[in-house]
Amino acid sequence: MDNELLEKFQAVLNKRTNNNAIERFRITQFDEQTVYSMLLLSYQSEVEMRRIQFISDDNTKEKVSKAAKWLTGNYKVGLMLYGGVGNGKTTLGRSIGNLISILYNSAVSSERKGVCRISALDLAKIVADDPVRFNKLKNIDMLFVDDIGIEPASVKSWGNEYSPVTELVYARYDRQLFTLATSNLNDAELQDRYGIRISDRFNEMFEKVYFTGKSYRK
């Protein structure tokens, strides 16, 4: 075995990896506790904008804490908030987007960043009606896809059949792009809906926060 050749080969691989590695966006200007406090305030604002009394219960604090940990740590490229109906998933997703918008479009930071939000149902319509826009969504830096699982399993565009969520997830995973998602489906239901291959990709791509408890809409 030519050890010198292997060392040179390894050096080339290391250089290639370092040159092409994509680091997921995360908040580095503030520590996890500060981000948690800001995110909780953002969550409260989202609730009160709908004229609902905000109740800072332990369940909410736990979910916000997990999101803050993901936002500040070196974790998977995506965050999926999933579980039952009406228990704060979309509210937390919107709160994350609002937090990033405030931090990165104000005097707090000179950078300009924002999270584009779209529902999975609208995503399916875009695939059918505007493929150019769909391709842009595949590559946008920061995306929040709400209500995965309510969209049609497949749609047709110009004679071709597409699975909107599957195509989007594959594209964004390959580029390691910041992706938020919500779904009312649990793990078994996600696998039944999308099949084992995309279910495995969900597991590779997303840190998951499972929501339980009663609906806040009641």
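**Long-range contacts, aromatic pairs and a small cavity**

Among the contacts in the protein chain that link residues at least 6 apart in sequence, 79% join residues at least 24 apart. The model is a predicted one, and its protein chain contains eight helices and seven strands. Taken along the principal axes, the C-alpha atoms of the chain fill a box of roughly 70 × 50 × 35 Å. Of the 218 residues in the protein chain, 41% are buried, while the chain as a whole exposes about 12500 Å², of which carbon and sulfur atoms supply 49%.

The aromatic side chains were examined next. The count of aromatic pairs comes to seven. In one of these pairs, the ring centres of Trp 70 and Phe 178 are 5.1 Å apart and the ring planes meet at 45°, an angle that is neither under 30 degrees nor over 60, and the pair is therefore classed as tilted. Because Trp 70 belongs to helix 3 (residues 58–72) and Phe 178 to strand 6, this pair ties together parts of the chain that are 108 residues apart in sequence. Trp 70 is buried, with a relative accessible area of 2%, and for Phe 178, also buried, the relative accessible area is 2%. A further aromatic pair is formed by Phe 202 and Phe 206, whose rings lie 5.9 Å centre to centre with 55° between the planes, an arrangement that is again tilted; both of these residues are buried. Trp 70 and Phe 178 also take part in an aromatic cluster, which they form together with Phe 25 and Tyr 104.

The internal cavities were considered last. There are two cavities of 30 Å³ or more, and the second largest of them has a volume of about 30 Å³. The lining of this second largest cavity consists of Val 145, Ile 148, Val 165, Leu 168, Val 169, Thr 179, Ala 181 and Phe 206. The elements that contribute two or more residues to this lining are strand 3 (142–148), helix 7 (164–175) and strand 6 (178–183), and the largest share, three residues, comes from helix 7. When the lining residues of the second largest cavity are sorted by class, seven are nonpolar, one is polar and none is charged. Two elements of this description thus link back to the aromatic residues: Phe 206, which lines the second largest cavity, is the partner of Phe 202 in a tilted pair, and strand 6, which gives two or more residues to the lining, is the strand in which Phe 178 lies.

Note on methods
Residues are numbered from 1 along each chain as its sequence is written. This is a predicted model: local features need pLDDT of at least 70, side-chain atom pairs count only at pLDDT 80 or more; totals for chains, interfaces and linings use all residues. Side-chain values use heavy atoms; hydrogens and water are left out. On a 1 Å grid over the protein atoms alone, a cavity is a set of points where a 1.4 Å probe fits but cannot get out, and a pocket is an open set with protein on both sides within 12 Å along at least five of seven lines; lining residues have an atom within 4 Å of a point. Grid points are joined across faces, edges and corners, and a volume is the space filled by probe spheres set on the points. Helices (H or I, at least four residues) and strands (E, at least two) are DSSP runs, numbered from the N terminus. Ala, Val, Leu, Ile, Met, Phe, Trp, Tyr, Cys and Pro count as nonpolar, Asp, Glu, Lys and Arg as charged, and the others, Gly among them, as polar. Buried means under 20% relative accessible area, exposed over 50%, partly exposed in between (1.4 Å probe, protein chains only). Contact means heavy atoms within 4.5 Å. Accessible areas come from the Shrake-Rupley method with a 1.4 Å probe; for residues, only the protein chains shown count as cover. Rings of Phe, Tyr and Trp (its six-membered ring) pair if their centres lie within 6.5 Å; planes under 30 degrees apart count as stacked, over 60 as edge-to-face and the rest as tilted.
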